[in-house]
Each structure stands twice: as C-alpha cells, then as structure tokens.
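Visitor: I am new to this structure. Please take one part and go through it closely.

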Amino acid sequence: MPVWQPTATLAMLRRRADWLAAIRGYFAGRGVMEVETPMLSRAANTDPALSSFQTRYHGPDGGTLYLHTSPEFAMKRLLAAGSGDIYALGRVFRDGEAGRHHNPEFTLLEWYRVGWDHHALMDEVAALVQVLLPGRGALERLDYRTAFRTHLGVENVHRADVAALKAVAADLDILPLPGLGDDDLDGWRDLLLSFFIIPQLGVDGRITFLHHYPASQAALARLRDDRGDAVAERFELFLDGVELANGFHELTDAAEQARRFQADNRARRRLGLTELPVDRRLLAALAAGMPACSGVALGLDRLLMVATGAASIDEVLAFPVTRA
Amino acid sequence: MASYSTNEFKGGLKIMLDGDPYAIVENEFVKPGKGQAFNRTKVRNLKTGRVIERTFKSGDSVEAADVMDVEMQYLYNDGEFWYFMHPESFEQIGADANCVGDNAKWLKEQDMCSITLWNGVPLSMSPPNFVEMEIVETDPGLKGDTSSGGNKPATLETGAIVRVPLFVQQGERIKVDTRTGEYVSRVK
C-alpha cells in the first residue's frame, strides 16, 4: 500500500465519525457540556509512567510547553469554576508509546460527573459502551484483591511483598526480568496484572471493571479503607482483555494532591527521569474548592478496535505515527 | 559497548542475551495506562535457531549483538570447513558444520551465499534461493507408472536428493528451490 494512503478503511473512518456524533448526542441528552481545553500546557503530568512531549513557545513569556497527556487538570479547573458536568473529546499525546495497542497520539473521551461516586460512574461508562457496542453483555465488577486471588492464587495482594509476587511470576515462566528491582513492588504488581490477569478480563462479551487498586497506585483518586487495607477509589474498564478506561472518585484535597505531585517527582528523580513542573493552577483550583465528583477517561481507538475486531490500532487510525 | 533501549526494539534487531546473539522476531509493547510498561518479545537464538519469549522492563537497555549478513562466494570444502570468499576484499573465511548444517547439500562452487557473521565469525549460512545442479543418478522412470505419484527421487551432484517428475532423466540439469528442497524446472 502506498504510504500516503490511510491505514484504516474508509468504512472504519465512517464508523469513527458515527461514534463521535453518537457520543456528543449521548452527552447532550444528559446535560453534560462539551469543553475544549489547551493541548499545550505550562505544567506537565508528573506521573513517572507517562512521558510528555514538549515544545517551545516563542511569543511573550515564551518557554517550554508540554502537550497534554489528558485534559484532566484543565477540566478540574473548570469544575472548580462551577462548570458542572463536563466532557472533552480529542487527541492526547504520550511520548514513547507505540505498539499494537498504542499510538503516541490517540483519541480520549474524558468526562466528570459532579456529586457521583466511582460506582455510579462505572454504571454510566457501561451504558455508554452499550450505546456504542449494541448488545455488549453484562456489567461485571471485580476488585483488585479478588482478581489476584481468583486468577493467581494470591490471597491478599495488598499485603504480598516482592518476594511473594516474584515467586508467582517465576511459576508463570516470565522470568528472568533483570530490570525489575526488588524495591519495585508496584512494578511486580503491574507485571502480573498486565500479563496474567488483564487478558482474562472482559471476555465472553462481558464489560468488566477492575476497581479498588492499591493505595500506591491511586494516582488522582481518593483512598478508602477496605478490610484493613488502604485502597484507591479508582477503576479501569476491560473488554476482551484490553484496557479501555481509567476512572477515579476524584481527590479534592489540595494538600494531598501537592504531596502526590511531589512524590511523583521524587520517583522521577529515583528513576533518572527529568523532574517536571507541577500544575500550580490545578492546586490553586483545588484549594479554592472543587466539588466532589468522579471522572473517567476512555480510549476511543481501542474501543473501536474491540468493536471491529481490529488486531492493531493502525487499523482504526487514518494515519498512525508511522504515516503521520 | 553499543546497546539498544527497549524503545528501539523492532523485528530483526540483533541483541545479546545470556552471552548468545539473538534476533527479535516479535515485540509487543504492554503498558497499563497508569503503571510500568513492558516489552514482551519473541527472540530467535542465532546460534541454535530456537525461539524463546523474553520480557523486558520498558526503558531498559540491552547490549547490541555485532551481527551482520554478508554476501560471499562459496569456494570449497576441505572435509572440516567450508570456505567462502568476499568478492571484493577476497578475504576468505572457513565455516564449520554447526554454521553450514544441512545447507551443505546446496553448496556448489562459485555460488553466492549469505553468511551471517557474529563478531566476524560465521554463525549461519543461507544458500541462494535457487540453485542449478546436474542429476547424477535417477531411475529411468516409466510413463504410466502412477504408484509413485508421478515423481521419483533423483541424486544431484552435491549428494542432495530431490523428487523430480518421471520425464526428467539422469545427466540433465535442474533448478531447485533450496528453501523447500523442491524441484522447479529443467534447465536447458
């Protein structure tokens, strides 16, 4: 195929266009306002697992700007400004991510519901999935602890140490993995989750939510107590073994948010990554008061892959990075 | 020492693992939205041909293998080594049975072969996709004999045995596909 041509069929691009219209119709019908937020930001996402593209701005007060990895921070400022329920639909950017399920820019649908908890938002995510994939089956909720017990026989993952998780990995024949250190508990959790649990989630037509992640993986979610262990009010959506969405019962505490940004930058320093400017405008918005809410970000390209049985993200993108 | 980051992983890249050279066959980037990314690879051992799976933490570096393919002309076999010559530098190298393996039966003097060198030492050899050879022995083959499915074994000048149609006779030259070991046509 000549390299000027799209990698997606025109029928696929039509399906994508129909979805964008259906999503806007869905939210319009429920009184959720569409918002646009800057793709270029003075601050960056400090999450050590994400890498932001950066560029230079040459106008007044020029300097480094970062391409957003999601519209989350700006949307939260709108929530604090009293926007009420909002959604954003557009491209986000993550450097270094390329593969069958990854393109360094992709389409994210992110929305926030004021006053809702994460369970109510999971119900709405499932409802929207059923609008886009008519006939998709039953909603299933699985907590992180139960997933590790059911799929890997780990009784309580929140208390399992690296040695215990490493022993499970050894039995599953995925070692050696010399780069993964004995001090990287979350890395070992991610390894087992990614290779041995996620492929089993959302199979047989189910819509599966994995929720209540370890507190150390809370990102921007609130914490709660679960049978004596701190867990995050965070969920992810899986269909056919593919991770599709990540949601939080949102943290609204500015001081706690500042501590998490600092912890991110400490982790970045430890990993030899560049420390990044934290979003002080988000912290100021939280300090001014953001209403209690839940939010979720859904990867539309991957959902389109699931809907159409595409083997690679290239099949659902007009021009993936290799043809950009 | 040269090395590759997992970000550079793609099919065909040559890397060192456990002291052996490997080629990446498949590379899958696996990353949860919030959390550690991994590269799940299938890699082929260039010495044994065996394919294994190996997982890497994304961002880690792996030593590069000094492996390259060169076109060389086959000269002769002294009973222990098969000798090849670089057509421009006239440099000669000897490859042992581990390197040449079963492909020895396709080697005809003067033919150009692809030699894979690791640190300058021959690791494997691929003969030309098609070779032309003389049949040194085959039964006359009777028309109407359908018991053999319309073909018969023929021994070539190098000792290789291929199945040929019944009408092909001893002393004729034939073209053979070395990748499948199958007869292609007679050569006039």
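**A strand and its two partners**

Guide: In this predicted model, a good place to begin is a turn in chain A. Strands E10(A) and E11(A) form a hairpin, with two residues between them. Asp240(A) lies in that turn and has a positive phi of about 50°. On one side of the turn is E10(A), which covers residues 229-239; on the other is E11(A), covering residues 242-249. The two strands run antiparallel and are joined by six bridges. One residue pair shows how they line up: Phe235(A) has Gly247(A), in E11(A), as its bridge partner.

E11(A) also pairs with strand E12(A), which is made up of residues 293-299. Five bridges join E11(A) to E12(A), and these strands too run antiparallel. Here His249(A) stands opposite Ser294(A), a residue of E12(A). E11(A) is thus bridged both to E10(A) and to E12(A).

The surroundings of E11(A) can be put in terms of burial, where a residue counts as buried if 20 or more other C-beta atoms lie within 10 Å of its own. Seven of the eight residues in E11(A) are buried, so the strand is largely enclosed by the rest of the structure.

For a wider setting, there is also chain B, with one helix and 16 strands. Of its 188 residues, 24% are buried. Its radius of gyration is 22 Å, whereas a compact globule of 188 residues would have one near 16 Å. The C-alpha atoms of chain B fill a box of roughly 70 × 40 × 25 Å along the principal axes.

Terms used
Residues are numbered from 1 along each chain as its sequence is written. Chains are lettered from A and ligands numbered from 1 in the order in which they are written. This is a predicted model: local features need pLDDT of at least 70, side-chain atom pairs count only at pLDDT 80 or more; totals for chains, interfaces and linings use all residues. Helices (H or I, at least four residues) and strands (E, at least two) are DSSP runs, numbered from the N terminus. The radius of gyration is taken over C-alpha atoms; the globule rule is 2.2 Å times the number of residues to the power 0.38. A residue is buried if 20 or more other C-beta atoms lie within 10 Å of its own, exposed if 12 or fewer, and partly exposed in between; C-beta atoms are placed from the backbone. Two strands pair if DSSP finds at least two bridges between them.
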